[in-house]
Amino acid sequence: MITVKPVRAFNDNYIWLLQRAGDPRCVVVDPGDATPVLLALAEQGLELSTILLTHHHGDHTGGVRELLSHGPVPVYGPAGESIPEVTQPLREGDTVSLPELDLELGVFDVPGHTAGHIAYYGGGMLFCGDTLFAGGCGRLFEGTPAQMYQSLEKLASLPEDTRVYCAHEYTLANLRFALKVDPDNRRLQDRVSEVETLRAADECTLPSTIGEERQTNPFLRSGDSSVKQHAESWAGERFTDPVEVFAAVRAWKDAG
Ligand SMILES: [Zn+2]
């Protein structure tokens, strides 16, 4: 039995901490800050055994050096990005064996937010960094809309019950924007209420699931006729390709 707990960092980052019952070793994903991780390890009597990184941004990698100063552990990360602390560079199709969790994770290349961004999938869990968010997706800092669309389609094709562990608590703002794009979606309206209740209590809204994202995340719904229609009215033009719909929704969100 693997438990996955959020360690809060900065304003709205989550560093995911994975551990198996009865084993003091643990794995962290995207430790942008060492301090809250070290605190969590001390509080829970755990020792760090592996670091997983999804992309090079400082709020995902900034704590690695300090964590390694307490003892070397393998650092997995994208082969296509320059992160000096990475000891095990990964590309799509590679697997990561984590004996401390009795778990194997597969690797996907998911360019768009950054050029070399990777995601980890296994055991019914997806660690997708800043690619897919609950109700949203990452900004396109280093990739094209077509690349990000394809990356998101790859993740959307995973089993519906896959738990989605993204790296930020952006869910409420994302879903409020989603209502503009997809206002008649009943499941989305319900989800906004559920997330409002969680956030009012300062609770984490993650993980979501691939199935829930496919029903309510406008960035996975470019093929939906209502989403397409609303994107067209915002952009003032007609679209023939779902990538154009995706690009317009991303531009709409960036403009808002
Ligand atoms: Zn990022």
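**Exercise 1. The chain as a whole**

What share of the contacts in the chain with a separation of 6 or more comes from residues 24 or more positions apart? Describe also the overall dimensions of the chain and decide how compact it is.

*Solution.* The model is a predicted one, and the contact count is the starting point: residues 24 or more positions apart account for 57% of the contacts in the chain with a separation of 6 or more. The secondary structure comprises 9 helices and 14 strands. Turning to dimensions, the radius of gyration is 18 Å, close to the 18 Å that the globule rule gives for 256 residues, so the chain is as compact as a globular protein of that length. Along the principal axes, the C-alpha atoms fill a box of roughly 55 × 40 × 30 Å. Finally, 46% of the 256 residues are buried.

**Exercise 2. Three helix pairs**

Work out how α4 is oriented relative to α9, how α5 is oriented relative to α6, and how α8 is oriented relative to α9, and describe the residues through which each pair meets.

*Solution.* Two packed helices are described by the angle between their axes and the distance between the axes.

Step 1, α4 and α9. The axes of α4 (residues 145-156) and α9 (residues 242-255) come within 9 Å and cross at roughly 105°. An angle of 65 to 115 degrees counts as roughly perpendicular, and that makes α4 roughly perpendicular to α9. On the α4 side the contact is formed by P145, A146 and Y149, which meet P242, V243, F246, A247 and R250 of α9. Sorted by class, this contact has 7 nonpolar, no polar and 1 charged residues.

Step 2, α5 and α6. Here the axes of α5 (residues 171-181) and α6 (residues 186-200) come within 10 Å, with a crossing angle of roughly 155°. Because angles over 145 degrees count as roughly antiparallel, α5 is roughly antiparallel to α6. The crossing of α5 and α6 is left-handed. From α5, the residues T171, L172, L175, R176, A178 and L179 meet L188, R191, V192, V195, E196 and R199 in α6. The classes in the contact of α5 with α6 are 7 nonpolar, 1 polar and 4 charged.

Step 3, α8 and α9. Helix α9 appears again, now with α8 (residues 225-235): their axes come within 9 Å and cross at roughly 60°. The two helices are therefore oblique to each other, and the crossing of α8 and α9 is left-handed. In this contact V227, K228, A231, W234 and A235 of α8 meet V245, A248, V249 and W252 of α9. The residues of the contact divide into 8 nonpolar, no polar and 1 charged.

**Exercise 3. Unusual backbone geometry**

Examine the backbone at D102, at D202 and at the peptide bond from L206 to P207, and place each of them in the fold.

*Solution.* Most residues other than glycine have a negative phi, and most peptide bonds are trans.

Step 1. D102 is not a glycine, although its phi is positive, at about 55°. D102 belongs to the loop between β7 (95-98) and β8 (103-109), and with 12 C-beta neighbours inside 10 Å it counts as exposed.

Step 2. D202 likewise has a positive phi, near 55°, in a residue other than glycine. D202 is found in the loop between α6 and β14, and this aspartate is exposed, with 8 other C-beta atoms within 10 Å.

Step 3. The peptide bond from L206 to P207 is cis, and its omega is near -5°. P207 lies in the loop between α6 and β14 (208-209).

**Exercise 4. Two loop residues**

Is P218 buried or exposed, and is T87 buried or exposed? Give the surroundings of each residue.

*Solution.* Step 1. P218 sits in the loop between α7 (210-216) and α8. P218 has 30 other C-beta atoms within 10 Å, and because 20 or more is the criterion for burial, P218 is buried. P218 and A178 are 40 residues apart in sequence, yet 5.9 Å apart in space, C-alpha to C-alpha. Leaving aside neighbours within four places in sequence, P218 is in contact with A178, V181, D182, V227 and V249.

Step 2. T87 is found in the loop between β5 (75-78) and β6 (88-90), and T87 is exposed, with 12 other C-beta atoms within 10 Å. T87 and V73 are 14 residues apart in sequence and 8.9 Å apart in space, C-alpha to C-alpha. With neighbours within four places in sequence left aside, T87 is in contact with P74 and V75.

Technical notes: Residues numbered from 1 in each chain as written. Predicted model: local features only at pLDDT ≥ 70, side-chain atom pairs only at ≥ 80, totals over all residues. Axes fitted to C-alpha atoms, helices over the stretch in contact; angles between N-to-C directions. Helix = DSSP H or I, 4+ residues; strand = E, 2+ residues; numbered from the N terminus. Parallel < 35°, antiparallel > 145°, perpendicular 65-115°, else oblique. Contact = placed C-beta atoms within 7 Å. Nonpolar A, V, L, I, M, F, W, Y, C, P; charged D, E, K, R; others polar. Rg over C-alpha atoms; globule rule 2.2 N^0.38 Å. Left-handed = near helix turned anticlockwise from the far one by under 90°.
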